[in-house]
Amino acid sequence: MIMKAQKGRGSKIHLLLDDEYQITTDVTFWAENYIKDGTDITADEWNSLVEKINYRKAFNKCADFLSRRDHSVKELREKLSRTVDGASADKAVARFEELGYLDDRKFAENYAEHLFKNKNYSDNHVRQELYKKGISREIVAEIMDGSENDSVENIITIINKKYYSKLNAENGREKVIAALMRKGFSYSDIKSAFYRMENEEYS
C-alpha cells in the first residue's frame with residue numbers, strides 16, 4: 001500500500017492509501033511520526049499508525065474536556081466514545097487517571113458539595129446524581145457518611161426562594177411539603193424545617 005499525505009485546512013493532515021483518503025491527523029502528530037510520501041507500508045504498519053492517531057485524538061479531547069471542568073471516569077469515557085473508538089477512549093482515560101487529572105473520588109466530593117451548597121439538593125437527590133455520573137456505591141456511601149450537609153437548612157432555603165409565597169394559599173403547606181418530598185427530602189426533615197421557621201430565628 002502506497003501512503004501519501006495531503007495538507008488540509010489549518011493544521012490538518014489527510015492521509016491516503018493508494019490515492020484513497022483514510023484518516024486525518026494534525027501537523028504536530030505528523031511531524032513526530034513523519035513517513036515520506038510514496039512509502040510502501042504493510043497492513044500492520046498502517047494499523048499501528050492509525051492506532052497512534054486515534055489515541056492522540058482521544059488524548060487531546062480528554063485534555064480539552066478536563067480543561068473546561070472536572071469529569072467522572074464514566075462521564076468522560078462516554079463523551080469520548082461519541083467521536084473515537086472504545087479502545088482509544090479507554091487508553092486516554094487510563095492515562096489521565098495515571099497523571100492524576102481524573103479521580104472519581106475527588107470529582108464526587110466536589111460535585112456533591114456543589115449540589116448541596118448551590119443547588120440545595122437533598123441527600124437522596126445528591127446520591128442519585130452521583131450514581132448517574134458512574135461513581136461507585138462505595139465512594140458514594142463514604143461521601144454521604146462524611147457529609148456535613150444540613151438537609152433542614154437546605155429545605156428552609158428552598159422554601160424561602162421558591163415556595164414561601166405559596167404557603168398561605170389553599171392547601172399551600174401540603175402542596176409545598178409534597179413538592180419537597182418529590183425533591184427527595186424526608187418528611188421528618190421537612191417537619192423540622194417548618195418548626196425552625198416558626199421560631200424567632202426565622203420569623
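Q: Where should I start, and which residues does Ser122 touch, leaving aside those up to four places away in sequence?

A: Welcome! Please keep in mind that this is a predicted model. Leaving aside residues up to four places away in sequence, Ser122 is in contact with Phe116, Lys183, Gly184 and Phe185.

Q: What does the side chain of Ser122 reach?

A: Its target is the backbone oxygen of Gly184, at 3.5 Å.

Q: Is Ser122 buried or exposed?

A: A residue counts as buried when its relative accessible area is under 20%. Ser122 has a relative accessibility of 1%, so Ser122 counts as buried.

Q: Where does Ser122 lie?

A: Look at the loop that links helix H5 (104–119) to helix H6 (123–132): Ser122 lies there.

Q: How are two packed helices described?

A: The general idea is to give two values, the angle between the helix axes and the distance between those axes. Here, the axes of H5 and H6 come within 10 Å, crossing at roughly 140 degrees. The crossing of H5 and H6 is right-handed.

Q: Which residues meet where H5 and H6 are in contact?

A: H5 contributes Ala108, Tyr111, Ala112, Leu115 and Phe116, while H6 contributes Asp123, Val126, Glu129 and Leu130. Sorted by character, the residues of this contact are 7 nonpolar, no polar and 2 charged. Phe116 may sound familiar, since Ser122 touches Phe116.

Q: Let me practise on another pair. How do the axes of helix H3 and helix H4 cross?

A: Helix H3 covers residues 73–80 and helix H4 covers residues 86–99; their axes come within 9 Å and cross at roughly 145 degrees. The crossing of H3 and H4 is right-handed. On the H3 side you will find Val73, Leu76, Arg77 and Leu80, which meet Ala89, Asp90, Val93 and Glu97 of H4. The residues of the H3 and H4 contact divide into 5 nonpolar, no polar and 3 charged.

Q: Now for the sheet. What is the order of its strands?

A: To read a sheet, follow which strand pairs with which. This open sheet has 4 strands in the order S3-S2-S1-S4, and the pairing is antiparallel. Strand S3 (20–26) and strand S4 (39–40) are the edge strands, each pairing on one side only.

Q: How many bridges join S2 and S3?

A: Strand S2 (residues 12–17) pairs with S3 over 6 bridges, in the antiparallel sense. For one example, find Leu16, which stands opposite Tyr21 in S3.

Q: Which helix packs on the sheet?

A: That is helix H2 (residues 43–68), which touches strand S1 (2–7) as well as S2, S3 and S4. The direction of H2 makes about 40 degrees with that of S3.

Definitions and conventions: Residues numbered from 1 in each chain as written. Predicted model: local features only at pLDDT ≥ 70, side-chain atom pairs only at ≥ 80, totals over all residues. Heavy atoms only, no water. Helix = DSSP H or I, 4+ residues; strand = E, 2+ residues; numbered from the N terminus. Buried < 20%, exposed > 50% of the residue type's maximum accessible area, 1.4 Å probe, protein only. Polar contact = N/O pair within 3.5 Å; in protein donor to acceptor, adjacent residues only side chain to side chain. Contact = heavy atoms within 4.5 Å. Pairing = 2+ DSSP bridges. Axes fitted to C-alpha atoms, helices over the stretch in contact; angles between N-to-C directions. Left-handed = near helix turned anticlockwise from the far one by under 90°. Nonpolar A, V, L, I, M, F, W, Y, C, P; charged D, E, K, R; others polar.
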